[in-house]
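Reader: I'd like a close look at one part of this model, with the surroundings filled in where they help. Could you pick a strand, start there and work outwards?

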Amino acid sequence: LLLLSCRLTACMCTGGCGKTTHAKMLFNRLASHFQHSALIELQHDERVGSQHLTSLLEQLGATGFQEDRSRGALPRTAQDYVCDKAVFVVVDNVWTRNQLDQLLPRSFGPGSRVVITSRFSDLPHSKWWRQVQPQLKQYAMAQLSHAAAMQLFRHAANLDMGLHLPSQQLRDTEQKVVTACKGLPLALQVVGGAVCANNWNAVANLSRWQDALA
C-alpha cells in the first residue's frame, strides 16, 4: 500500500468476509509509517456528527479546535489540517454515501493514504467519491477457497486438521456446513465455535446450522 500510486483504496464486499479484520490489521501494521494516522469505525447507518470529526482530528494530532466545534466548523478545520500533511486514515464499515460526504476531507497532503471498507455498492454515487475518483482504486475481497475455509472452520471448532471424524455422516456434515458458509470467515468462525469437538453429534441435523446461516 505504501508503494501504490493510488492514494485512496476502497474495499467493498459482503458482510462477514473479513473487511474489519483486514482493516484493523492494515492500520496496525502501517500506522507507524505515518506521523498522523486515524482509525474510524462506523456503526450501521449512524449519522456522522461532531464526535466523529473530533475523533478524526484528535487521532491525527490536531489541537485547539474546540471553538471550531462549537461553531460547526469542524469539516473545514479537518480539511485545512490534512491538506498539507501525509496522513493515514482507515474508515471501516461505511454504510451510506452521506457518511463519506460528512466525514472525509476532499483532499489530503502528499503521501497520504486513505482506506475505506463497506458492504454497499452505491458509495460511488457519493459526492466525496466522485470528487476523488481519479485517485481511487476499488477492490473486492475474494471468498476463501474450500481448503482454506475448512482449515478455518476446524480451527474454530477446535478440531485438528489431521483428525479423522469417526463417522461418514459427520464427515459429510462437516463438508456441507463448510460449503453452506460460502467461504465467509465470520460464518465459519461462528459456526465452528458453536460445534466444538465435544459436540459433533449436535451437527448431524444440518438444517439447524443452515437456518443459523440464513
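Author:
**Starting from strand E1**

Leu8, Ala10 and Met12 point to one side of E1, while Thr9 and Cys11 point to the other, and all of them are buried. That fits a general pattern: side chains in a regular strand alternate between the two faces of the sheet. Keep in mind that we're looking at a predicted model.

E1 covers residues 8-12, and because five of its five residues are buried, the strand is largely enclosed by the rest of the structure. Its partner is strand E4 (residues 113-118); the two run parallel and are joined by five bridges. If you want one spot to click on, Thr9 stands opposite Val115 in E4.

Now for some context on the whole chain. There are 10 helices and five strands, and buried residues make up 45% of the 214 residues. Of the contacts with a separation of 6 or more, 71% are between residues 24 or more positions apart. The chain exposes about 11500 Å², with carbon and sulfur atoms supplying 50% of that area.

Moving outwards, take E2 and E3. These two strands also pair in the parallel sense, over six bridges, and His36 stands opposite Val87 in E3. E2 is mostly covered, with five of its six residues buried.

E3 also brings us to the aromatic side chains. A search of the whole structure turns up two aromatic pairs. In one, the rings of Phe27 and Phe88 have centres 5.9 Å apart and planes at 15°, so the pair is stacked. This pair links distant parts of the chain: Phe27 is in helix H1 (residues 19-30) and Phe88 in strand E3 (residues 87-94), 61 residues apart. Phe27 counts as buried because its relative accessibility is 13%, and Phe88 counts as buried because its own is 0%.

The other pair is Phe34 and Phe88, also stacked, at 5.2 Å centre to centre with 20° between the planes. Phe34 sits in the loop between H1 and strand E2 (36-41) and Phe88 in strand E3, so this pair ties together parts that are 54 residues apart in sequence. Phe34 is buried, as is Phe88. Put the three rings together and you have one aromatic cluster of Phe27, Phe34 and Phe88.

Stay in E3 for an oddity in the backbone. As a rule, most residues other than glycine have a negative phi. Asn93 isn't a glycine, yet it has a positive phi of about 70°. Asn93 belongs to strand E3, and it counts as buried because its relative accessibility is 17%.

H1 and E2 are linked by charge as well. The side chains of Lys24 and Glu41 meet in a salt bridge, 3.2 Å from N to O. Lys24 is in helix H1 and Glu41 in strand E2, so the bridge ties together parts that are 17 residues apart in sequence. Lys24 counts as partly exposed at 35% relative accessibility, and Glu41 is partly exposed too, with a relative accessible area of 38%. Also in helix H1 is Asn28, which counts as exposed at 60% relative accessibility. The C-alpha atoms of Asn28 and Leu39 are 9.5 Å apart, with their positions 11 residues apart along the chain.

The search for salt bridges finds three in the whole structure. Another one joins Asp80 to Arg76, with the closest N and O atoms 3.3 Å apart. Both residues lie in helix H4 (residues 74-82), four residues apart, or about one turn of the helix. Asp80 counts as partly exposed at 42% relative accessibility, whereas Arg76 counts as exposed at 53%.

Then there's Lys85, which forms a salt bridge with Asp84, the closest N and O atoms being 3.4 Å apart. Asp84 counts as exposed at 55% relative accessibility. The charged end of Lys85 also sits over the ring of Tyr81, 4.0 Å from its centre.

One last stop is His52, in helix H2 (residues 50-60). His52 is buried, with a relative accessible area of 9%. Beyond its neighbours within four places in sequence, His52 is in contact with Ile40, Leu42, Glu46, Arg47 and Leu103.

Technical notes:
Residues numbered from 1 in each chain as written. Predicted model: local features only at pLDDT ≥ 70, side-chain atom pairs only at ≥ 80, totals over all residues. Heavy atoms only, no water. Phe/Tyr/Trp six-rings, centres within 6.5 Å; stacked < 30°, edge-to-face > 60°. Buried < 20%, exposed > 50% of the residue type's maximum accessible area, 1.4 Å probe, protein only. Lys NZ or Arg CZ within 6 Å of the ring centre and 35° of its normal. Contact = heavy atoms within 4.5 Å. Areas by Shrake-Rupley, 256 points an atom, 1.4 Å probe, with all protein chains shown as cover. Pairing = 2+ DSSP bridges. Salt bridge = Lys/Arg side-chain N within 4 Å of Asp/Glu carboxyl O.
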